[in-house]
Amino acid sequence: MTHGFDPPITVVRSAVALAIAEDVGSLGDITSLACVSEESTGPARFVARAPGVVAGVRCAAEAYRVVDPTL
């Protein structure tokens, strides 16, 4: 879902690509490689502690899409 205040998808894709390149790089995420097996999975939830506006949803959705479209 997009809103009038969402950045253009080209900007979102560029920002996500840069963030993933920084976090993963050519060697991968060293900490995750050392501590978490590839077979590991786990649940996740976003829980708001108070009413508000969520920022960055389009970037988060794009990051999930790039990393694992099944999420």
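**Exposure, fold and pocket of a three-helix chain**

Leu71 counts as exposed, at a relative accessibility of 64%, because the cut-off for exposure is a relative accessible area over 50%. The model analysed here is a predicted one. Leu71 lies in the segment that comes after α3, the helix spanning residues 57–67. With respect to Ala61, from which Leu71 is 10 residues apart along the chain, the separation between the two C-alpha atoms is 9.3 Å.

The overall architecture is helical: the chain contains 3 helices and 0 strands. Read from the N terminus on, the order of the elements is α-α-α. The chain has a radius of gyration of 15 Å, whereas the globule rule gives 11 Å for 71 residues; the computed value is well over that figure, so the chain is more spread out than a compact globule. Along the principal axes, a box of roughly 40 × 30 × 20 Å is filled by the C-alpha atoms. Burial was assessed over the 71 residues of the chain, of which 6% count as buried; the term applies to residues under 20% relative accessible area.

Among the helices, α1 covers residues 9–24 and comprises 16 residues. The distance from the first C-alpha of α1 to the last is 22 Å, close to the 22 Å expected at 1.5 Å a residue. In an α-helix there are 3.6 residues a turn, so residues three or four places apart point the same way. Gly25 follows just after α1 and adopts a positive phi of about 60°.

Empty space in the structure was examined next. The largest pocket encloses about 260 Å³. Its lining is formed by 13 residues, and those closest to the centre of the pocket are Phe46, Val47, Val54, Ala55 and Val57. When the lining of the largest pocket is sorted by class, 11 residues are nonpolar and 2 are polar, while no charged residues are present.

The cysteines were considered last. A disulfide is a covalent bond between the sulfur atoms of two cysteines. Across the whole structure, the search returned 0 disulfides. Cys35 has a relative accessible area of 62% and is therefore exposed. For Cys59 the corresponding value is 27%, so this residue is classed as partly exposed, a category that lies between the limits of 20% and 50%.

Terms used:
Residues numbered from 1 in each chain as written. Predicted model: local features only at pLDDT ≥ 70, side-chain atom pairs only at ≥ 80, totals over all residues. Heavy atoms only, no water. 1 Å grid on protein atoms, 1.4 Å probe; cavity = no way out; pocket = protein on both sides within 12 Å on 5 of 7 lines; lining within 4 Å. Points joined across faces, edges and corners; volume = space filled by probe spheres on them. Nonpolar A, V, L, I, M, F, W, Y, C, P; charged D, E, K, R; others polar. Disulfide = S-S within 2.5 Å. Buried < 20%, exposed > 50% of the residue type's maximum accessible area, 1.4 Å probe, protein only. Helix = DSSP H or I, 4+ residues; strand = E, 2+ residues; numbered from the N terminus. Expected span 1.5 Å × (residues − 1). Rg over C-alpha atoms; globule rule 2.2 N^0.38 Å.
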